[in-house]
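This note is for a colleague who is meeting the structure for the first time. Please read the points below beside the model.

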Amino acid sequence: MKKLFKDWKPFEIGLLVSGVLSISVSAIIFKSEILTLFTSLVGIFCAILQAKGKVLSQFVGIAEVILYSILSKPLLWRDYHLCVNCISNVYVWRFFLGDT
């Protein structure tokens with residue numbers, strides 16, 4: 001974990017902490033399900049990792065898409081969301097690594 005956060009500035013760490021706190025407080029106030037809270041936390045972590053340009057963000061993004069698709073109630077939307085986002089994440093990852 002230290003290696004992941006070693007090049008982060010205090011503002012970026014503060015942004016992550018404030019995001020986690022605001023999502024957690026919202027989840028408590030609105031009595032959200034645990035899976036909803038966890039999906040939101042994974043999503044904010046993914047967004048900040050992407051802003052930092054970390055390759056790990058692609059894997060965290062795929063995990064967030066899978067969690068979000070589990071939360072989606074209609075079966076058609078869930079399957080569509082899972083396919084499109086996983087395929088686009090893998091394509092973008094390969095594009096930036098130069099494999100396309």
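1. How are helix 3 and helix 4 oriented, roughly parallel or roughly antiparallel to each other? Helix 3 and helix 4 pack at an angle of about 155°, with their axes 9 Å apart, and are therefore roughly antiparallel to each other. Angles over 145 degrees count as roughly antiparallel, those under 35 as roughly parallel.

2. The model is predicted: local features need pLDDT of at least 70 and side-chain atom pairs pLDDT 80 or more, while totals for chains, interfaces and linings use all residues. Residues are numbered from 1 along each chain as its sequence is written, and side-chain values use heavy atoms, leaving out hydrogens and water.

3. In the contact of helix 3 with helix 4 (contact means heavy atoms within 4.5 Å), the residues comprise twelve nonpolar, seven polar and one charged. Among those of helix 3 are Leu35, Phe38 and Val42, and helix 4 brings residues including Val60, Glu64 and Tyr68.

4. Helix 2 (residues 10-29) and helix 3 (residues 34-52) have axes that come within 10 Å and cross at roughly 160°. That makes helix 2 roughly antiparallel to helix 3. Helix 2 contributes Leu16, Gly19 and Ile23, among others, and helix 3 residues including Leu41, Ile44 and Ile48.

5. The largest nonpolar core (buried nonpolar residues joined through side-chain atoms within 4.5 Å, buried being under 20% relative accessible area with a 1.4 Å probe) has nine residues, including Leu4, Trp8, Leu16 and Leu67. Helix 3 gives the most, four residues.

6. Leu4 also touches Phe45, Leu49, Lys54 and Leu56, residues up to four places away in sequence not being counted.

Definitions and conventions. Axes are lines fitted to C-alpha atoms, for helices over the stretch in contact, and angles run from 0 to 180 degrees between N-to-C directions. Helices (H or I, at least four residues) and strands (E, at least two) are DSSP runs, numbered from the N terminus. Angles under 35 degrees count as roughly parallel, over 145 as roughly antiparallel, 65 to 115 as roughly perpendicular and the rest as oblique. Buried means under 20% relative accessible area, exposed over 50%, partly exposed in between (1.4 Å probe, protein chains only). Ala, Val, Leu, Ile, Met, Phe, Trp, Tyr, Cys and Pro count as nonpolar, Asp, Glu, Lys and Arg as charged, and the others, Gly among them, as polar.
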